Amino acid sequence: MTNFRANRKFRPEAYNQNDNLGKNTIINYLKNNGHTILDREENYSFDIKSEKDGNQYFSEVEMKNQWRGDWNTSWKEIRIPYRKHKLLDKFKKISNDTWTEVNKPSHFLNFYVIRTDCEYAWRIKDYQLTEERAKEVWLGNARRTEPFYHIPYEEAELVKLL
């Protein structure tokens, strides 16, 4: 495993502003696509747990407030904070613990990066977040580096939410 430190300071004002908006947007999208919402409580785990056709879905939500209008193609990649590797590890454990020859449930983990107007989002699958894609980025306004997964936007799925 890469030795990155995920040392971003928690900012309650940014969290409060974005968390409910992002979760509610994805909950509405999932419901409109036949999902039953099983859990959305704040427990520092997956943002949303849902079910559809006997499959379990785990969704993690991020707002990208810099994204307005069409995707800026000079942004060659979508960045997911590396600290989300804890969710990847948890998801792998859930998937492995529930799998047997008789019981083969399907589990899916999706990361949604939502445009500021909540009309579109990029959907990124768990298996796209690999160690090879984890790189540090200089955050000029914070004057430090932070690790992110770098996913080329061409490899993500653009979904219409509204």
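**Questions on a predicted protein fold**

Reader: Are Tyr82 and Tyr149 buried or exposed?

Author: This is a predicted model, in which local features need pLDDT of at least 70, side-chain atom pairs count only at pLDDT 80 or more, and totals for chains, interfaces and linings use all residues. Residues are numbered from 1 along each chain as its sequence is written, and side-chain values use heavy atoms, with hydrogens and water left out. A residue is buried under 20% relative accessible area, exposed over 50% and partly exposed in between, with a 1.4 Å probe and protein chains only. By this rule, both Tyr82 and Tyr149 are buried.

Reader: How many helices and strands does the protein chain have?

Author: Helices (H or I, at least four residues) and strands (E, at least two) are DSSP runs, numbered from the N terminus. Read from the N terminus on, the elements follow the order α-β-β-β-β-α-β-β-β-β-β. The chain therefore has two helices and nine strands.

Reader: What percentage of the contacts with a separation of 6 or more comes from residues 24 or more positions apart?

Author: A contact means heavy atoms within 4.5 Å. Among contacts with a separation of 6 or more in the protein chain, residues 24 or more positions apart account for 60%.

Reader: How many aromatic pairs does a search of the whole structure find?

Author: Rings of Phe, Tyr and Trp (its six-membered ring) pair if their centres lie within 6.5 Å; planes under 30 degrees apart count as stacked, over 60 as edge-to-face and the rest as tilted. With these limits, the number of aromatic pairs found in the whole structure is eleven.

Reader: How many residues apart in sequence are the parts that Phe58 and Phe91 tie together?

Author: Phe58 and Phe91 form an edge-to-face pair, 5.9 Å centre to centre and with 75 degrees between the planes. Phe58 belongs to strand β3 (residues 55-64) and Phe91 to helix α2 (residues 85-97), so the sequence separation of the parts they tie together is 33 residues.

Reader: What relative accessible area does Phe91 have?

Author: Phe58 counts as buried at 3% relative accessibility. Its partner Phe91 is buried too, with a relative accessible area of 6%.

Reader: Which strand holds Tyr149, the partner of Tyr82?

Author: The pair of Tyr82 and Tyr149 is tilted, at 5.1 Å centre to centre with 35 degrees between the planes. Tyr82 lies in the loop between β4 (77-81) and α2, and the pair ties together parts 67 residues apart in sequence, so the other part is the strand that holds Tyr149, namely β8 (residues 144-152).

Reader: Over the face of which residue does Lys64 lie?

Author: A charge sits over a ring if NZ of Lys or CZ of Arg is within 6 Å of the ring centre and within 35 degrees of the ring normal. One aromatic cluster is formed by Trp67, Trp71, Trp75, Trp122 and Tyr153. Lys64, at 4.8 Å from the ring centre, lies over the face of Trp75.

Reader: Which elements give two or more residues to the largest nonpolar core?

Author: A nonpolar core is a set of buried Ala, Val, Leu, Ile, Met, Phe, Trp, Tyr and Cys residues joined through side-chain atoms within 4.5 Å. The largest has 21 residues, and those with the most contacts inside it are Ile78, Trp122, Ile124, Leu129 and Tyr149. The elements giving it two or more residues are β4, α2, β5 (107-115), β6 (120-125) and β8.

Reader: Which strands stand at the edges of the sheet of six strands?

Author: Two strands pair if DSSP finds at least two bridges between them. This open sheet has the order β1-β2-β3-β5-β6-β9, with mixed pairing. Each edge strand has a single partner strand, so one side is left without a neighbour in the sheet; these strands are β1 (36-39) and β9 (157-160).

Reader: What angle does the direction of helix α1 make with that of β3?

Author: Axes are lines fitted to C-alpha atoms, for helices over the stretch in contact, and angles run from 0 to 180 degrees between N-to-C directions. Five bridges join β2 (residues 48-52) to β3, and these strands run antiparallel. Helix α1 (residues 12-32) packs on the sheet, touching β1, β2, β3, β5, β6 and β9, and its angle with β3 is about 140 degrees.

Reader: Which residue in the turn between β7 and β8 has a positive phi?

Author: Six bridges join β7 to β8, which run antiparallel, and one of the bridge partners in β8 is Arg144, opposite Leu139. The two strands form a hairpin with four residues between them, and the turn residue with a positive phi, of about 55 degrees, is Arg143.
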